[in-house]
Amino acid sequence: MNILDKIAARKKEEVEMLKEEVPVETLQMLPHFKRKCFSLKENLKNSKTGIISEFKRRSPSHPEINLGADVAEVTKAYEAAGASGISVLTDEDFFGGSLDDLAVARETVQLPLLRKDFIIDEYQLYEAKAMGADVILLIAALLKPKQIE
């Protein structure tokens, strides 16, 4: 089993637990769910830099990147430096991120936010929208063509 297989297996367990704890109907009532998304495409087209910055605490290959980083401080600096958008790692087990990091970033900046996680279930789309993401990352190797559609 490679690292992607391990992450996918853990993510399936995590999503099943979350579905029971926080139903989609609850996510749909959160304030950001109704918010109009910022367009990453438009920001990239109109950007001088074309940079999508990333907020990442750690990774399986680098266990200590920015463990204690303040998401508001970092994302505000990315915005001030001219980033077109910000990718926020939300996987907790392997990358030390959280949906709270995404929510704090949303309260801090007026840029498109990309939820970077291992999206394997439609439920996670609702989570992303409810927590302030404008776009998501899909890893095709984890999904069947029908799921990608």
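In this predicted model, F118 is buried, with a relative accessible area of 8%. Its partner in an aromatic pair is F95, and the arrangement of the two rings is tilted, with 5.8 Å from centre to centre and 35° between the planes. Distant parts of the chain are linked by this pair, since F95 lies in the loop between β2 (85–89) and α5 (99–108), whereas F118 lies in the loop between β3 (113–116) and α6, with the two positions 23 residues apart. F95 is likewise buried, its relative accessible area being 11%.

The count of aromatic pairs comes to two. In the pair formed by F33 and Y126, the ring centres are 6.1 Å apart and the planes meet at 5°; because planes under 30 degrees apart count as stacked, this pair is classed as stacked. Here, too, distant parts of the chain are brought together, with F33 placed in the loop between α2 (24–27) and α3 (40–45) and Y126 in helix α6 (residues 123–130), 93 residues apart. The accessibility of the two rings falls on either side of the limit for burial, which is set at under 20% relative accessible area: F33 is buried at 19%, while Y126, at 24%, is partly exposed.

Beyond the aromatic pairs, the nonpolar interior was examined. The largest nonpolar core has 15 residues, and those with the most contacts inside it are I86, V88, L102, A105, V109, L111 and L113. At least two residues of this core are supplied by each of β2 and α5, and the largest share, three residues, comes from α5. For V109, one of the residues with the most contacts inside this core, the residues touched are T75, K76, E79 and I86, when those up to four places away in sequence are not counted. A second core, separate from the one just described, has 14 residues and includes V15, L89, Y123 and L142.

With regard to annotation, an unreviewed UniProt entry lists residues 4–148 under "domain: Indole-3-glycerol phosphate synthase". Over residues 4–148, the chain is 41% helix and 10% strand, and the C-alpha atoms at the two ends of this stretch are 17 Å apart.

Key. Residues numbered from 1 in each chain as written. Predicted model: local features only at pLDDT ≥ 70, side-chain atom pairs only at ≥ 80, totals over all residues. Heavy atoms only, no water. UniProt positions renumbered as here; feature names shortened; annotations may be inferred. Helix = DSSP H or I, 4+ residues; strand = E, 2+ residues; numbered from the N terminus. Phe/Tyr/Trp six-rings, centres within 6.5 Å; stacked < 30°, edge-to-face > 60°. Buried < 20%, exposed > 50% of the residue type's maximum accessible area, 1.4 Å probe, protein only. Core = buried A, V, L, I, M, F, W, Y, C linked by side-chain atoms within 4.5 Å. Contact = heavy atoms within 4.5 Å.
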